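The exercises below are meant to be worked through with the sequence and the structure open side by side. Try each task before reading its solution.

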Amino acid sequence: MSELNRVVIPIGPQHPSLKEPGCFTVTLEGEKIVDAVVGIGYNHRGIEKACESRNYTQVVYLLERICGICSHTHTTAFCQGVEELAGVEIPKRAAYIRVLVAEIERLHSHLLWLGVAAHEIGFDTMFMYTWRDREAVLDILAEIGGNRVNYAINTIGGVRRDIDDSLKQDILKMTDALEEQVKYYRELALTETTLAARLAGIGKLSREDALKYGAVGPVIRASGVDFDIRTVDPYAVYGEIPFKVITDTHADIFGRTVVRVLELLESIEIVRFCIKNMPDGDIVAKVPRRIPAGEVISRTEAPRGEDIHYIRSNGTEIPDRVRVRAPSEANWHAMRHMLLGQYLADVPITIAAIDPCFSCTDRAVVVKSGRETEFMDWAQLRQYSIEWYKKKGIDVTSIKMPERRRYF
Amino acid sequence: MSNEEAIIQRLVEKFDILKDRLHFQRSKRIFSDFLTREEFETVLPYVRDEMGFNRASHVVGTDEGEDLGFIYLLTNDDGVILALKEKAPKSNPKIKALTGDYPSLEFHERELVGLFGAEVEGLPAGPPYPLPDGWPEGNYPLRKEWNPEYFDNRTMSYNPPVEAEEKEAEQSE
């Protein structure tokens with residue numbers, strides 16, 4: 001086919017497979033992709049610049065809002081970096097709580113991905129199953145931190161909230177119920193032929209290419225590389241927790257699905273281990289407001305992969321430079337390579353398979369005119385949306401909803 | 001001797017210029033002092049091809065006053081991060097693109113161009129990242145002298161207050 005027959009299609013920034021903006025310009029020959037350009041940056045909010053004018057404690061809250069899905073991992077990376085600069089060791093109980101929340105966060109993030117991926121391939125039953133199960137995990141996170149996302153557990157020197165015995169029991173009940181479901185998903189992922197037929201051989205990324213393009217997280221582990229910061233560079237108390245790094249050699253979206261489903265089971269075991277072995281004691285250590293001058297590189301394993309924070313202090317209360325290399329930022333580089341040679345119909349699932357995260361949760365603030373800002377709380381936001389729909393002629397309050405069922 | 005100390009020793013033996021300029025901060029972390037472009041380009045091929053630092057996680061841009069700093073986070077198979085630093089004056093902020101050797105740096109190098117105003121020689125053409133279309137030229141938000149308070153995001157223009165002396169000069173004209 002000659003070059004004259006090539007068609008260039010910009011997909012995005014309003015994107016069919018994601019609720020976040022990204023532009024993928026694909027060049028097609030017939031249905032096949034022969035070139036692809038990834039355009040991102042639509043959600044750049046200048047968080048790093050903002051960090052340079054706020055003190056360390058304020059920065060924690062800012063970084064919590066980088067991502068609504070894995071907010072805890074960013075604050076963990078930042079807090080442990082600052083603690084390293086300050087030479088502070090956090091209490092062991094705090095380290096256990098950090099790991100516990102991190103793994104519950106991984107559960108909710110992987111379940112979310114499983115639902116999105118199922119939706120992209122038209123398997124909406126699985127989408128609804130996984131998101132129903134994810135509700136139980138979000139309920140637990142809300143119980144721990146008071147919010148479904150941005151649970152604000154971390155603070156510099158430890159954690160802000162303790163976990164009592166009744167909460168421990170709730171968490172264990174949730175993991176028991178969830179384990180049963182995840183085992184079902186494991187069976188589904190490994191034996192359901194339609195799933196394998198749709199996902200196998202799509203979004204190929206060989207081991208060599210995964211290393212070359214710097215892929216991280218489940219993407220690189222599905223290409224057969226056992227790279228997981230929890231074992232490569234253990235932080236918090238991961239060094240004393242027994243768990244298996246899940247890898248797979250399919251090197252395609254099928255492999256990425258298997259890795260994430262099996263990681264769910266590992267995370268459940270880590271949660272149980274934390275509950276069982278959490279020592280008594282304080283949950284926060286004292287850290288000076290002024291952080292000694294120096295620089296540090298802090299790494300965590302986010303649900304999407306390696307999260308790197310570079311922090312430099314100039315000896316004051318305000319950081320001199322904070323740089324966050326979030327995992328999705330690393331996985332974009334392999335995207336063009338994964339798209340080449342694919343069919344157009346495989347674009348949504350291929351993009352969704354790296355579990356991309358641009359950023360989110362900018363919904364609770366309404367900017368009025370000019371520089372004046374008005375904040376809305378949940379009740380006001382809910383009321384606002386009801387009124388908005390009423391103006392369109394839809395009265396959502398007249399719809400009778402069944403009472404929500406708790407799954408634990 | 002730890003793995004990290006062995007890496008430092010091997011590099012210092014190979015390159016005199018690195019003597020006392022590599023620091024073993026803690027397990028899995030080695031930091032270098034800032035190197036000039038020439039020094040950096042002398043050391044890098046050996047670090048990449050002979051020392052096994054075949055993955056680049058990131059390049060962090062920094063503002064060093066008169067200079068721009070570039071901190072390359074290179075990783076080997078053991079997960080050791082070597083933070084190799086390069087410096088270039090703001091008046092002539094030219095560095096060589098490493099995207100050819102480390103494709104994982106492409107977006108990060110574009111970011112150095114957009115946010116710091118670095119000239120990355122050899123960076124393949126592509127959409128700017130991460131600033132929006134229509135961003136005014138010559139505005140590099142992560143340089144320390146750039147103050148977000150003077151930026152008007154409705155008109156996309158940067159309007160720093162005119163210094164008193166400049167005002168007087170304008171009036172006298």
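**Exercise 1. A pair of strands in chain B**

How many bridges join strand β1 (residues 22–26) of chain B to strand β2 (residues 29–35) of chain B, and do they run parallel or antiparallel?

*Solution.* Bear in mind from the start that this is a predicted model. Step one is to count the bridges between β1(B) and β2(B), and there are four, with the strands running antiparallel. Step two is to pick one bridge as an example: B:His23 has B:Phe31 in β2(B) as its partner. Step three is to look at the connection, where two residues lie between the strands of what is a hairpin, and where B:Lys28 in the turn has a positive phi of about 70 degrees.

**Exercise 2. A sheet in chain A**

Find the order of the strands in the open sheet of three strands in chain A, and then name its edges.

*Solution.* Begin with the order, which is β1-β2-β3 in chain A, with antiparallel pairing. The edges follow from asking which strands pair on one side only, and these are β1 (6–11) and β3 of chain A. From one strand to the next, the twist averages 20 degrees. Now take a single pair: β1(A) and strand β2 (residues 23–29) of chain A are joined antiparallel over six bridges, and A:Arg6 has A:Glu29 in β2(A) as its bridge partner.

**Exercise 3. The interface of the two chains**

Describe the contact between chain A and chain B, going from its extent to the elements and residues that form it.

*Solution.* First, count the residues: chain A brings 37 residues to the contact and chain B brings 44 residues. Second, consider the area, for the two chains bury about 3,300 Å² between them, and 54% of this is on carbon and sulfur atoms. On the side of chain A, A:Lys49, A:Ile297 and A:His333 supply 20% of the area buried against chain B, more than any other three residues.

Third, turn to the polar side of the interface, where there are 21 residue pairs in polar contact and eight salt bridges. One salt bridge joins the side chains of A:Glu52 and B:Lys144, at 3.2 Å from N to O. Fourth, place the contact on the fold: among the elements that give two or more residues to the side of chain A that touches chain B are α1 (47–51), β6 (294–302) and β7 (305–313) of chain A, and β6(A) gives the most, with five residues. By class, this side of chain A has 15 nonpolar, six polar and 16 charged residues.

**Exercise 4. A salt bridge within chain A**

Which residue forms a salt bridge with A:Arg93, and where in the chain do the two residues lie?

*Solution.* The partner is A:Asp280, and the closest N and O atoms are 3.9 Å apart, which satisfies the cut-off of within 4 Å. A:Arg93 sits in helix α4 (residues 92–120) of chain A, while A:Asp280 is in the loop between α11 (253–277) and β6 of chain A, so that the pair, 187 residues apart, links distant parts of the chain. Over all chains, the structure holds 47 salt bridges.

**Exercise 5. Two backbone exceptions**

Locate a cis peptide bond in chain B and a positive phi at A:Ala251.

*Solution.* Start from the general expectation that most residues other than glycine have a negative phi, and that most peptide bonds are trans. The bond from B:Tyr129 to B:Pro130 is cis, with omega near -5 degrees, and B:Pro130 lies in the loop between β7 (119–121) and β8 (151–152) of chain B. A:Ala251, a residue other than glycine, has a positive phi near 55 degrees, and its place is in the loop between α10 (229–232) and α11 of chain A.

Note on methods: Residues numbered from 1 in each chain as written. Chains lettered and ligands numbered in written order. Predicted model: local features only at pLDDT ≥ 70, side-chain atom pairs only at ≥ 80, totals over all residues. Heavy atoms only, no water. Contact = heavy atoms within 4.5 Å. Buried area = accessible area lost by both parts, 1.4 Å probe. Polar contact = N/O pair within 3.5 Å; in protein donor to acceptor, adjacent residues only side chain to side chain. Nonpolar A, V, L, I, M, F, W, Y, C, P; charged D, E, K, R; others polar. Pairing = 2+ DSSP bridges. Axes fitted to C-alpha atoms, helices over the stretch in contact; angles between N-to-C directions.
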